[in-house]
Amino acid sequence: LYFDDLLVGAATGLYEHFENPSGTVSSNLKPALFKLEQNYPNPFNPVTVINYSIPKAGLVTIKVYDVLGREVKTLVNENKPAGNYNIEFNAGKFASGVYFYRMHSGNYLETKKFILMK
């Protein structure tokens with residue numbers, strides 16, 4: 001398989017599109033860009049889902065912080081192959097309020113806000 005061109009994915013952004021020499025499209029899609037998506041639902045009580053994509057293998061960390069910037073939970077801290085992922089966060093033991101989640105992988109760093117309403 002070899003890199004052919006880029007396609008736009010409906011849910012998660014750009015994907016690399018691969019073709020084999022016979023011209024048939026492979027079902028192996030991997031993201032072309034890092035992406036941290038907004039959680040859903042938001043606001044949530046007490047469970048939410050976070051989708052993220054990584055275009056190359058590497059260490060991925062996703063941590064949750066309170067409004068004062070204190071780390072309250074590590075959701076992901078491991079080496080992952082390139083791909084699309086989701087993680088479920090159960091905040092049943094946390095107080096209602098605004099929280100932030102941050103993804104770091106390679107040179108990519110992004111933070112999003114979410115709201116827990118009980």
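**Close-up 1. Leu-68 lies in the loop that links strand 6 (58–66) to strand 7 (71–80).** As you explore this view, keep in mind that the model is predicted. Is Leu-68 buried or exposed? Its relative accessibility is 65%, and exposed means over 50%, so Leu-68 counts as exposed. Leu-68 also has partners at the surface: together with Val-67 and Val-98, Leu-68 makes a nonpolar surface patch of about 280 Å².

**Close-up 2. Thr-61 sits in strand 6.** Now move along to Thr-61 and ask again: buried or exposed? Here the relative accessibility is 14%, and buried means under 20%, so Thr-61 counts as buried. Which residues does Thr-61 touch, leaving aside those up to four places away in sequence? Look for Val-76 and Asn-77, and then for Arg-102, Met-103 and His-104.

**Close-up 3. Tyr-40 and Pro-41 are joined by a cis peptide bond.** Most peptide bonds are trans, which makes this a nice spot to pause. For the bond between Tyr-40 and Pro-41, omega is about -10°. Where should you look for Pro-41? You will find Pro-41 in the loop between strand 4 (35–36) and strand 5 (47–54).

**Close-up 4. A cis peptide bond also joins Asn-45 and Pro-46.** In this case, omega is about -20°. Pro-46 belongs to the loop between strand 4 and strand 5, and Pro-41 from the previous view is placed in the loop between those strands too.

Note on methods
Residues numbered from 1 in each chain as written. Predicted model: local features only at pLDDT ≥ 70, side-chain atom pairs only at ≥ 80, totals over all residues. Heavy atoms only, no water. Helix = DSSP H or I, 4+ residues; strand = E, 2+ residues; numbered from the N terminus. Patch = residues over 30% accessible without salt bridge, like charges linked within 9 Å, V, L, I, M, F, W, Y side chains within 5 Å. Areas by Shrake-Rupley, 256 points an atom, 1.4 Å probe, with all protein chains shown as cover. Salt bridge = Lys/Arg side-chain N within 4 Å of Asp/Glu carboxyl O. Buried < 20%, exposed > 50% of the residue type's maximum accessible area, 1.4 Å probe, protein only. Contact = heavy atoms within 4.5 Å.
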